[in-house]
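Hi,

Here's the model we talked about passing over. Have a look, and my notes are underneath.

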Amino acid sequence: MNHATSLRPLAGLLLAGIAAWSGLLPAAAAGTGPRGALSVIEVDGVGLGPIPDAPGPACGPPGALLDVTFPVPPFVGRLVDIQVTLGFQPAHVWAGDVTAQLINPAGTIHTLFGRVAATTATACGDGSNLVGPYLFDDDATPASGGFWQAAAAAGNQAPIQLGAYRTTNSGGAGAVNPAPPTSLRATFAGALGTASTTTWTLRLRDHGLGDTGTLAQATLLLYVDETLFRDGFEAAPPP
Ligand SMILES: [Ca+2]
Ligand SMILES: [Ca+2]
């Protein structure tokens, strides 16, 4: 699906939709400030399911990959913004086990979140639960300050608050808590559309034996600026 819309109202509608799926309403919608008319390509993930548990015994070494794919249709224009939504059902009951990465068709990897609160190679991290829906968005301004902060606030028996968050790098050796925000745009924006379908991938891994959960919802949203390509302009735009 590829239709013109403004950026932030769409994100709000999306959150409302996935909130209906979860039976809950988000505490806050995505960030503010429309950036003009953009087209959005919304693609649901293929291959949802349980995240294979880690082999153990200590935390750190990951289990088998769960790769969810997004078949992105051909488009004309330049990619200017990227969002991902994730939902877990049944919940993953130990957030610190899980790493989630988005990979573009060129193989460039951006971590959405990972091994939350783990600051050593073998730490098991935060024991709060992954439920969602979570929208990962460069313009998110979560009340908690960030995904790691929201996990710390939740406690071991409760879900991380649903809503919009910035992405963060994976925990592990050398990580600082809370992890600072990273930028999906810095990693992925600027790519030009292609004439054939391309595949983006969401890669999940579990790094701690015992607790498990299932990815039940994943959507990739690509915001495309088509304006430089209207009226027969076919050269690459300036950087
Ligand atoms: Ca838990
Ligand atoms: Ca596990």
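**Strand pairing notes**

T85 has L135 in strand 8 as its bridge partner. That pair belongs to an antiparallel match between strand 5 and strand 8 (residues 134-136), joined by 3 bridges. Strands here are DSSP runs of E with at least two residues, numbered from the N terminus, and two of them count as paired if DSSP finds at least two bridges between them.

Before going on, the housekeeping: this is a predicted model, where local features need pLDDT of at least 70 and side-chain atom pairs count only at pLDDT 80 or more, while totals for chains, interfaces and linings use all residues. Residues are numbered from 1 along each chain as its sequence is written, with chains lettered from A and ligands numbered from 1 in the order in which they are written.

Strand 5 (residues 78-88) also pairs with strand 13, antiparallel, over 10 bridges. L79 sits opposite V224 there, and F88 is bridged to L215. Because 9 of its 11 residues are buried (20 or more other C-beta atoms within 10 Å of their own, C-beta atoms being placed from the backbone), strand 5 is largely enclosed by the rest of the structure.

Strand 13 (residues 214-225) has other partners too: strand 2 (residues 37-44) runs antiparallel to strand 13 over 6 bridges, with D44 bridged to T219. Strand 3 (residues 49-50) adds 2 antiparallel bridges to strand 13, and G49 pairs with L215.

On confidence, mean pLDDT (the predictor's per-residue confidence, from 0 to 100) is 86 for the chain, and 80% of residues reach 70 or more. Over residues 19-35, pLDDT is below 50.

Cheers

How values were computed:
Helices (H or I, at least four residues) and strands (E, at least two) are DSSP runs, numbered from the N terminus. Two residues are in contact if their C-beta atoms, placed from the backbone, lie within 7 Å. A residue is buried if 20 or more other C-beta atoms lie within 10 Å of its own, exposed if 12 or fewer, and partly exposed in between; C-beta atoms are placed from the backbone.
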